[in-house]
Amino acid sequence: MVRSADLVLAELLAHDANARDEWVRDHKLRDDPRVMRVGRFLRRTSLDELPQLLNVLRGEMNLVGPRPVVVQEVPRYGEHKRHYLSVKPGMTGLWQVSGRNNLTYSQRVALDARYVETRSLRRDLSILLRTVSVLVTRDGAC
């Protein structure tokens with residue numbers, strides 16, 4: 001991220017209605033001016049996710065589960081907040097292998113809730129296998 005990333009974001013959202021609409025809808029920007037060139041590469045290749053393996057090894061995360069969100073995003077889960085809060089976050093999940101950044105935030109929430117309601121070892125193994133395919137094809141990566 002660039003220095004003063006919060007200020008860069010605030011400035012963009014104050015002056016660009018399309019970016020503001022995208023931020024409100026998805027809580028992310030496809031062309032985020034806060035991300036440096038190396039960051040774009042890391043995100044596009046999903047290499048930015050590797051440090052989360054340490055969280056998995058420490059027992060703070062699972063390999064499979066809903067993606068971690070910042071506290072400000074939890075209210076966006078609405079009635080599904082209980083689903084999200086009932087499990088540890090994961091490095092990958094149903095949302096990532098079902099469209100990733102090509103889906104809306106509400107679709108993401110619905111997939112996270114569905115995962116929690118139907119989770120099983122078989123489903124987790126399926127998601128892990130599908131994750132490899134998504135990473136190789138970079139399907140839905142920004």
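Reader: What makes Arg34 and Asp32 a salt bridge?

Author: Their closest N and O atoms are 2.6 Å apart. The rule asks for a side-chain nitrogen of Lys or Arg within 4 Å of a carboxyl oxygen of Asp or Glu. Arg34 and Asp32 therefore form a salt bridge. This is a predicted model: local features need pLDDT of at least 70, side-chain atom pairs count only at pLDDT 80 or more, and totals for chains, interfaces and linings use all residues. Residues are numbered from 1 along each chain as its sequence is written, and side-chain values use heavy atoms, with hydrogens and water left out.

Reader: Why is Arg34 called buried?

Author: Its relative accessible area is 10%. Buried means under 20%, exposed over 50%, and partly exposed in between (1.4 Å probe, protein chains only). So Arg34 is buried. Asp32, at 6%, counts as buried too.

Reader: How many salt bridges does the rule give?

Author: The count comes to 4. Among them is Arg25 with Asp26, at 3.1 Å from N to O. Another is Glu60 with Arg58, at 3.4 Å.

Reader: Are Arg25 and Asp26 buried or exposed?

Author: Arg25 has a relative accessible area of 44%, so this residue is partly exposed. Asp26 has 14%, so this one is buried.

Reader: What are Glu60 and Arg58 called on that scale?

Author: Glu60 is partly exposed, at 41%. Arg58 stands at 57% and is therefore exposed.

Reader: How do you know that helix 1 and helix 2 are roughly perpendicular?

Author: Their axes cross at roughly 115° and come within 5 Å. Axes are lines fitted to C-alpha atoms, for helices over the stretch in contact, and angles run from 0 to 180 degrees between N-to-C directions. Under 35 degrees is roughly parallel, over 145 roughly antiparallel, 65 to 115 roughly perpendicular, and the rest oblique. Helix 1 and helix 2 are therefore roughly perpendicular.

Reader: Which residues make that contact?

Author: Helix 1 brings Leu9, Leu12, Leu13, Ala14 and His15, and helix 2 brings Ala17, Ala19, Arg20 and Trp23. Contact means heavy atoms within 4.5 Å. Helices are DSSP runs of H or I, at least four residues, numbered from the N terminus.

Reader: What makes the nonpolar surface patch?

Author: Met36, Val38, Phe41, Leu42, Leu47, Leu50, Leu53 and Leu63 make about 680 Å². Patch residues need over 30% relative accessible area and no salt bridge, with nonpolar side chains (Val, Leu, Ile, Met, Phe, Trp, Tyr) joined within 5 Å. Phe41 has 41% and is partly exposed. Its place is in helix 3. Helix 3 (residues 37–44) gives the most to the patch, with 3 residues.

Notes: Patch = residues over 30% accessible without salt bridge, like charges linked within 9 Å, V, L, I, M, F, W, Y side chains within 5 Å. Areas by Shrake-Rupley, 256 points an atom, 1.4 Å probe, with all protein chains shown as cover. Helix = DSSP H or I, 4+ residues; strand = E, 2+ residues; numbered from the N terminus.
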